[in-house]
Amino acid sequence: MKNNQDDVRPTDQEFSRKRKNNGSSTNNSSNNNNNNSQEYHIAKKIQNLEEEDNDMLSLSLSVRPAKPRRAVPEEESSPLSMPPLRIQEHQQQSLPVQTLLVSQPQPQLPLQLSPSHPLYIPPYVAESSGIPIYRHELAPGNAPPSRPLRSRRNPTQTPGEGKSDTVPALFPWATTHRATVHSLKYLLSKRITTITGEMQCKKCEKQYEMGYDLEKKFYEVGRYIAANKDSMHDRAPSVWMNPALPTCKFCEQENSAKPVIPDKKKEINWLFLLLGQLLGCCTLDQLKYFCKHTKNHRTGAKDRVLYLTYMGLCKQLDPAGPFNR
């Protein structure tokens, strides 16, 4: 029996060993299976991710069909090309500007001089002809061309209803036409050398007659105009607008004697006011009267109308002088 028991024990031990081995092998196999399943899932996920990446890559690389482009004509495709019609219009618009630039006349000096009256400023010397000299240091051939006169339309230049163009000559130097005097040549031929007029002192209020030397005073006015006409710009300077008055011969008050200007405009002593450079004492209405009857433009400020009055009277005295506007 002992032998049988001994025989049996080894067998049990063997069985226990086998069970342990089987258990360990089972555990190992289960562990291996678990590991294998985890690796399979990971590989499966990686494969799915790669497939998704490939799908996205294929979608991103896929090219959509391009829209058909409009055919551009050759005329529009060239940026420098211009429709013939526009080029022609552009040339037509640019031609007048070029023509104006080429044909634009050179500016002319407003001072008008004739060969018989070259400008010159020497001390006053009376000539044998009796005509005063207001000359500049310019040769007669180099005198600047005269500025053409512009005709102005004024429908109210004629006298009003019931008034005539002629009036009685109240002074020896006045004509029978309104606001008109004789020429210097005519007056000297008639030996009229002194122009007189009435003055009144603002202080003592006494009236008296005052006379101006015709040649000397007209020479002073003409020389002043010849020297300053370019800077006047068709406007009377301040010395004409606010003239310096003579000294009263009774009370000897300086800048006090004013010319007596009658209420009736046809009785104004225009030549006397010109020689004394006292036309600025006239009102604007009186100056417009002169411009109206001498066919001058009579609208505007007083300095403009006063300038035209000076030029008009000087032109009446000396038509060949530098007194054009």
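Trainee: What makes strand 2 (residues 194–201) and strand 3 a pair, and in which sense do they run?
Mentor: DSSP must find at least two bridges between two strands before they count as paired, and strand 2 and strand 3 share seven bridges in the antiparallel sense, so they meet the definition. The strands and helices themselves are DSSP runs numbered from the N terminus, with E over at least two residues for a strand and H or I over at least four for a helix. Before going on, bear in mind that this is a predicted model, in which local features need pLDDT of at least 70 and side-chain atom pairs count only at pLDDT 80 or more, while totals for chains, interfaces and linings use all residues. Residues are numbered from 1 along each chain as its sequence is written, and side-chain values use heavy atoms, with hydrogens and water left out.

Trainee: How do you know that strand 2 and strand 4 pair as well, and which residues stand opposite each other?
Mentor: Strand 2 and strand 4 are joined by three bridges in the antiparallel sense, which satisfies the definition of a pair. Cys201 faces Ala257 of strand 4, while on the strand 3 side Gly197 has Met210 as its bridge partner and Gln200 stands opposite Gln207.

Trainee: Why are strand 3 and strand 4 called edges of the sheet?
Mentor: The open sheet has three strands in the order 3-2-4, with antiparallel pairing. Strand 3 (207–213) and strand 4 (257–259) have a single partner strand each, so one side of each is left without a neighbour in the sheet. From one strand to the next the twist averages 45°.

Trainee: What packs on this sheet, and at what angle to strand 3?
Mentor: Helix 5 (residues 214–232) touches strand 2 and strand 3, and its direction makes about 75° with that of strand 3. Touching means contact, that is, heavy atoms within 4.5 Å, and the angle is taken between N-to-C directions on a scale from 0 to 180 degrees, along lines fitted to C-alpha atoms, for helices over the stretch in contact.

Trainee: Why is Ser256 called buried, and what touches Ser256?
Mentor: Buried means under 20% relative accessible area, exposed over 50%, and partly exposed in between, with a 1.4 Å probe and protein chains only; Ser256 has 2% and is therefore buried. Ser256 is in the loop between helix 6 (238–241) and strand 4, and among the residues that Ser256 touches are Gln200, Cys201 and Leu245.

Trainee: What makes the largest nonpolar core, and which residues have the most contacts inside it?
Mentor: A nonpolar core is a set of buried Ala, Val, Leu, Ile, Met, Phe, Trp, Tyr and Cys residues joined through side-chain atoms within 4.5 Å. The largest such set here has 47 residues, and Trp270, Leu271 and Leu274 have the most contacts inside it. Helix 9 gives the most to this core, with nine residues. Not counting residues up to four places away in sequence, Trp270 touches several residues, including Leu279, Cys282, Tyr289, Phe290 and Leu313. Tyr289 and Phe290 are among the buried residues of helix 8, and what covers the buried residues of that helix includes helix 7 and helix 9.

Trainee: How do you know that Glu220 and Lys217 form a salt bridge?
Mentor: A salt bridge requires a side-chain nitrogen of Lys or Arg within 4 Å of a carboxyl oxygen of Asp or Glu; the closest N and O atoms of Glu220 and Lys217 are 3.6 Å apart, so the pair qualifies. Glu220 and Lys217 are three residues apart in helix 5 and are therefore separated by about one helical turn. With relative accessibility of 27% for Glu220 and 24% for Lys217, each counts as partly exposed.

Trainee: What makes the pair of Asp234 and Arg304 a link between distant parts of the chain?
Mentor: Asp234 and Arg304 meet in a salt bridge at 3.7 Å, N to O. Asp234 is in the loop between helix 5 and helix 6 and Arg304 is in helix 9, 70 residues apart. Both residues are buried.

Trainee: How many salt bridges does the structure hold, and at what distance do Lys265 and Asp285 meet?
Mentor: The structure holds four salt bridges, one of them between Lys265 and Asp285 at 3.1 Å, N to O. Lys265 is in the loop between strand 4 and helix 7, and Asp285 is in helix 8. Lys265 is partly exposed at 26%, and Asp285 is partly exposed at 48%.
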